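Reader: Please take one part of this model and look at it closely. Start with the charged side chains and work outward from there.

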Amino acid sequence: MTEQIKVPTMAEYMAQGKKPEVLFWVGCAGSFDDRAKKITKAFVRLLNKANIDFAVLGTEESCTGDPAKRAGNEFLFQMQAMTNIEVLNGYEIKKIVTACPHCFNTIKNEYPGLGGNYEIMHHTQFLKSLMEEGRLKVEGGKFKGKRITFHDPCYLGRANGEYEAPRELLQKLEVELVEMKRCKSRGLCCGAGGGQMFKEPEAGNKDINVERTEEALETAPKIIAAACPFCNTMMTDGVKAKHAEEDVQVLDIAEMIANAEDL
């Protein structure tokens, strides 16, 4: 049975003369990467479970321009950003949620200078607010008591100071949270930021994602929790490089909540 997930577009909302409560910005990874699509689906299931009135831009969404900007192509970044801002402002978007810290950081900190002013939340912040409002409930389910370590995404943690929302969600799942030696403001990058996701590593004696995965495995976790599709890819590759995929899973927090609920 193929699962039917209801995801309306902004164009459909406009045609009905309605506005959604929040726009879900999917991002390139969440749209095209097979692994990250699972995160997108899990998050949509949670939005539906909480009866959130949301929409996506669909084919009108294009890359925020984060990889171009980080790789030094400011001209391409501004072209991509202006295209998106025109679409967002055309729909009079006020509130955005995204599961990608790179999209989150770019829209939050770089779009205002180009005329794009929105309230934007990372999906862990949004899920936390839904729980606080009582619109989403979660118990430990299959993750209760499991040893889990959380890898801080650079663009959520150090760039925007959000360390607590993902950890509070994990505590709601009643897991045993074990921190890596380098965590929170001292966390180590997975190695995919700054456009590095799309190029081969520099010469050296160890890939940075393997270094970070080793730090995670030192905590003897059952699951490495992530909150970024790029981190998810890098940590998954690291787990494979250490031949630990039989023992350790890499899961996004949205997937964990959806799985705990068996949505």
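Author: Lysine 184 is partly exposed, at 31% relative accessible area. The terms are simple: buried is under 20% relative accessible area, exposed is over 50%, and partly exposed lies in between (1.4 Å probe, protein chains only). This is a predicted model, so local features need pLDDT of at least 70, side-chain atom pairs count only at pLDDT 80 or more, and totals for chains, interfaces and linings use all residues. Residues are numbered from 1 along each chain as its sequence is written, and side-chain values use heavy atoms, with hydrogens and water left out.

What does lysine 184 pair with in a salt bridge? Its partner is glutamate 164, at 3.6 Å from N to O. Glutamate 164 sits in helix 8 and lysine 184 in the loop between strand 6 and helix 9 (208-217), so the pair ties together parts 20 residues apart in sequence. Helices (H or I, at least four residues) and strands (E, at least two) are DSSP runs, numbered from the N terminus. Glutamate 164 is partly exposed too, at 37% relative accessible area.

A salt bridge here means a side-chain nitrogen of Lys or Arg within 4 Å of a carboxyl oxygen of Asp or Glu. By that rule there are 22.

Another of them joins lysine 242 to glutamate 214, with the closest N and O atoms 2.9 Å apart. This pair also links distant parts of the chain: lysine 242 is in the loop between helix 10 (229-241) and strand 8 (249-252), glutamate 214 is in helix 9, and 28 residues separate them. Lysine 242 counts as partly exposed at 35% relative accessibility. Glutamate 214 is partly exposed at 22%. Neither stands alone. Salt bridges connect Arg182, Lys206, Glu211, Arg212, Glu214, Glu215 and Lys242 in a network.

Now a pair within one helix. Aspartate 66 bridges to arginine 70, with the closest N and O atoms 3.0 Å apart. Both lie in helix 4, four residues apart, which is about one turn of the helix. In general, an α-helix has 3.6 residues a turn, so residues three or four places apart point the same way. Aspartate 66 is buried, at 3% relative accessibility. Arginine 70 is partly exposed, at 24%.

Helix 4 leads to helix 5. Helix 4 (66-70) helps cover the buried residues of helix 5, along with strand 1 (22-25), strand 3 (95-98) and helix 6 (101-109), among others. Contact here means heavy atoms within 4.5 Å. Which residues of helix 5 are buried? They are Phe77, Ala81, Asn84, Ile85, Val87 and Leu88. These span an arc of only 165° around the axis, which puts them on the same side of helix 5. The arc is taken from the directions between the helix axis and the C-beta atoms. On the face turned away from that buried side, helix 5 carries the exposed residues Phe75 and Glu86.

Helix 5 runs over residues 74-90 and includes phenylalanine 75. Its 17 residues should span 24 Å at 1.5 Å a residue, and its end C-alpha atoms are 24 Å apart, which agrees. The expected span is 1.5 Å times one less than the number of residues.

Phenylalanine 75 is exposed, at 64% relative accessible area. With Leu76 and Met79, Phe75 makes a nonpolar surface patch of about 320 Å². Patches are built from residues with over 30% relative accessible area and no salt bridge; like charges are joined within 9 Å, nonpolar side chains (Val, Leu, Ile, Met, Phe, Trp, Tyr) within 5 Å. Areas come from the Shrake-Rupley method with a 1.4 Å probe, and for residues only the protein chains shown count as cover.

Past helix 5 comes glutamate 92, in the loop before strand 3. Its phi is positive, near 55°, in a residue other than glycine. Most residues other than glycine have a negative phi. Glutamate 92 is partly exposed, at 45% relative accessibility. Glutamate 174 also has a positive phi, of about 60°, and is not a glycine. Glutamate 174 lies in the loop between helix 8 (164-172) and strand 6 (176-177). Its relative accessible area is 34%, so it is partly exposed.
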